Amino acid sequence: MRAVRQAGSGHRPEFDAIVVGAGFSGLYMLHLLRKLGLSVKVYEQGGGVGGTWYWNRYPGARCDCESVYYMFSDHLSKEILGEWTWTERYASQPEILRYLEFVADKMGSRPDIQFNARVTAACYDATRNRWDISLEDGATSSSRFLITAVGCLSTTSTPAFPGIDTFAGECYHTGAWPHEGVDLSGKRVAVIGTGSTAVQLVPEAARDASDLWVFQRTPNYDLAGRNGPLSPEYTTRVKADYPALWEKARQTDFGLPYEVAKRSALSFPPEDRQRIYEAAWAKGGFHMFLETFTDLLLDKQSNDTASRFLRDKIREKVQDPAVAELLTPKDHPFLTKRPPLENGYYEAFNRDNVSLVDARRSPIEKITPRGIRTSDGEYQADVIIFATGFDAMTGSLFRMGITGRNGQSLQAKWAGGPQTYLGMTTSGFPNMFVICGPQSPSVLSNMPVTIEQNAEWIAELIRYVREHDADTAEATEDAERDWVAHHNEIAAATLLPGTDSWWVGANIAGKPRTLYPYTGGLSTFRGICNQAAEHGYPGLALTRHTPH
Ligand code: N01
């Protein structure tokens with residue numbers, strides 16, 4: 001069943017399913033579709049598997065959910081799970097890439113993946129009920145099902161500073177880092193941005209550069225990561241507990257098997273609250289948010305207690321009080337922008353060769369041949385690094401040139417913001433499924449766990465369609481309207497919409513402002529998806545296209 005069937009006319013290969021992207025999502029989707037006996041082709045624009053982990057090779061890049069849960073679970077393969085051992089609490093990019101290559105080898109995925117294959121158009125032909133795919137090199141193919149596995153953070157965003165092309169030195173975006181690496185040693189380096197990426201990059205760059213300028217527009221509440229090597233005892237114990245740990249992770253809102261106590265920060269006296277924060281802080285990472293209080297995202301007063309705690313921690317780490325003050329966020333509540341995990345970021349500002357530039361007070365005006373000009377003056381640099389983020393969640397989908405029924409582009413349909421049913425489907429685009437799309441939990445969870453849930457639901461739906469004498473599944477407009485209303489209602493109950501962040505599209509000029517990820521939590525989302533499946537997918541129209 002895996003053999004590629006050739007179309008009767010021309011040389012356009014036909015498949016049952018085409019998957020776009022060969023990162024975590026694409027590899028798992030390929031595995032599930034093969035299990036169903038479908039002919040599948042994966043198109044990947046990179047030269048290898050890995051997705052995010054193929055492109056983001058900047059120094060310091062690592063996951064910030066703990067490695068032992070940042071991987072495929074026993075749902076993919078108990079054997080692969082048992083054979084892989086992580087070396088650090090948060091695995092570095094090279095190690096994660098090696099892991100995904102290991103998975104691809106073990107699963108024999110590569111023969112079904114075409115690398116260096118950028119999809120430039122994906123058009124639904126209603127007369128044939130097929131998706132016609134075009135690649136950058138002019139090749140075409142078609143399939144019944146189209147699954148996008150393009151990642152949430154794959155389209156880099158570089159602000160249109162005047163003069164970028166005039167810069168005489170080297171210039172890089174972290175999300176498209178040269179594979180051969182960049183030698184920063186002894187160079188004057190400017191980093192623009194202070195999000196999760198810059199927070200990982202800065203301590204590394206600080207060690208090598210002669211001078212490092214960090215241009216900060218908005219400070220973040222960076223959480224202590226406490227990265228370090230994993231002991232063999234720890235990894236052995238985790239492996240032994242995996243069946244229960246994965247089951248627990250799947251039932252939590254964020255896809256991590258942590259102890260989540262339902263409690264408000266306001267129902268504790270200050271000393272007890274402090275004790276709870278300190279305990280979570282000592283553990284490091286997202287424990288600070290997931291194991292403290294459950295109303296930090298819902299109640300401003302509760303949130304204030306955590307924001308205050310974190311501001312104090314920044315002041316403890318940074319020696320120069322003026323620099324500490326500048327690094328301390330005051331204009332938004334904790335968690336309303338994605339909190340970076342830091343391993344030596346604040347301490348980097350205690351070094352003589354590292355300076356913080358206040359790009360809020362003195363915005364970057366232009367790039368000059370010699371460096372960066374702000375209203376304060378010119379900062380001369382040999383290397384400029386843009387750690388300026390991504391056109392998240394929709395950027396890569398729009399770039400693919402997706403066109404549904406009646407020639408309507410996805411971009412046109414979502415011009416006012418995404419409209420989806422469960423984040424995975426959208427009406428007018430039959431048999432198209434989106435892994436970790438907008439209005440699904442995606443980036444608000446531990447991604448591999450959510451990817452497995454999305455891909456399993458999609459595979460089960462495809463199985464159901466084929467077994468029920470149908471060949472088309474398409475979200476109904478009613479179901480879509482209800483899902484968007486539900487999504488917006490629960491988003492509005494959180495503090496998230498009030499802060500400018502990429503979660504609300506505020507980092508991209510002209511992008512509709514709406515909360516892109518789903519805030520109901522993975523376990524709630526899973527329950528809703530399962531219920532839909534158990535009831536025969538009432539939110540989808542399942543139809544037969546041709547008489548069988
Ligand atoms: O991008 P960002 P990122 N002048 O958008 C600044 C994930 N991730 O690549 O905040 C000056 O967060 C911008 O300033 P402001 C993670 O989900 C995961 O860092 O808009 N500055 C901001 O500081 C993360 O959230 C890992 O005021 C300008 C920065 O650029 C997501 O990826 C590691 C500017 C962009 O920050 C994105 O993170 C890394 C301008 N004109 C990332 N324009 C893991 O560990 C923008 N900025 C798995």
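Helices and strands are here runs of residues assigned by DSSP, with at least four residues for a helix and at least two for a strand, and they are numbered from the N terminus. Counted in this way, the protein, which is a predicted model, has 16 helices and 21 strands. Its radius of gyration is 24 Å, close to the 24 Å that the globule rule gives for 548 residues, so the protein is as compact as a globular protein of that length. Taken along the principal axes, the box that the C-alpha atoms fill is roughly 75 × 55 × 45 Å.

With this overall picture in place, we can turn to the ligand and its surroundings. The ligand is surrounded by 25 residues, and the closest of them are Arg62, Thr194, Thr197, Thr218 and Lys337. Sorted by class, this shell consists of ten nonpolar, nine polar and six charged residues, and helix H5, which spans residues 196-208, supplies the largest share of the shell with three residues.

Several polar contacts can be followed atom by atom. Serine 196 places a backbone N or O atom 3.1 Å from an oxygen atom of the ligand, whereas arginine 217 uses its side chain, in which an N or O atom is 2.9 Å from a ligand oxygen. At alanine 387 the partner is again in the backbone, where a polar atom lies 3.4 Å from an oxygen atom of the ligand. As for the ligand surface, the ligand on its own has 910 Å² of accessible area, and the protein covers 86% of this.

The protein atoms also leave spaces between them, some open and some enclosed. Among the open ones, the second largest pocket holds about 300 Å³ of space. Its lining is made up of 15 residues, of which Leu32, Gln453, Glu456, Trp457 and Glu460 are the closest to the centre of the pocket. Three elements give two or more residues each to this lining, namely helix H1 (24-35), helix H14 (447-467) and helix H16 (522-534), and the largest share, six residues, comes from H14. By class, the lining of the second largest pocket contains six nonpolar, three polar and six charged residues.

The enclosed spaces are cavities, from which a 1.4 Å probe cannot get out. There are three cavities of 30 Å³ or more, and the largest cavity contains about 40 Å³ of space. Around the largest cavity stand Val68, Trp84, Thr85, Trp86, Thr235, Val238, Lys239 and Tyr242. Five residues of this lining are nonpolar, two are polar and one is charged.

Methods:
Residues numbered from 1 in each chain as written. Predicted model: local features only at pLDDT ≥ 70, side-chain atom pairs only at ≥ 80, totals over all residues. Heavy atoms only, no water. 1 Å grid on protein atoms, 1.4 Å probe; cavity = no way out; pocket = protein on both sides within 12 Å on 5 of 7 lines; lining within 4 Å. Points joined across faces, edges and corners; volume = space filled by probe spheres on them. Nonpolar A, V, L, I, M, F, W, Y, C, P; charged D, E, K, R; others polar. Near = heavy atom within 4 Å. Polar contact = N/O pair within 3.5 Å; in protein donor to acceptor, adjacent residues only side chain to side chain. Areas by Shrake-Rupley, 256 points an atom, 1.4 Å probe, with all protein chains shown as cover. Rg over C-alpha atoms; globule rule 2.2 N^0.38 Å.
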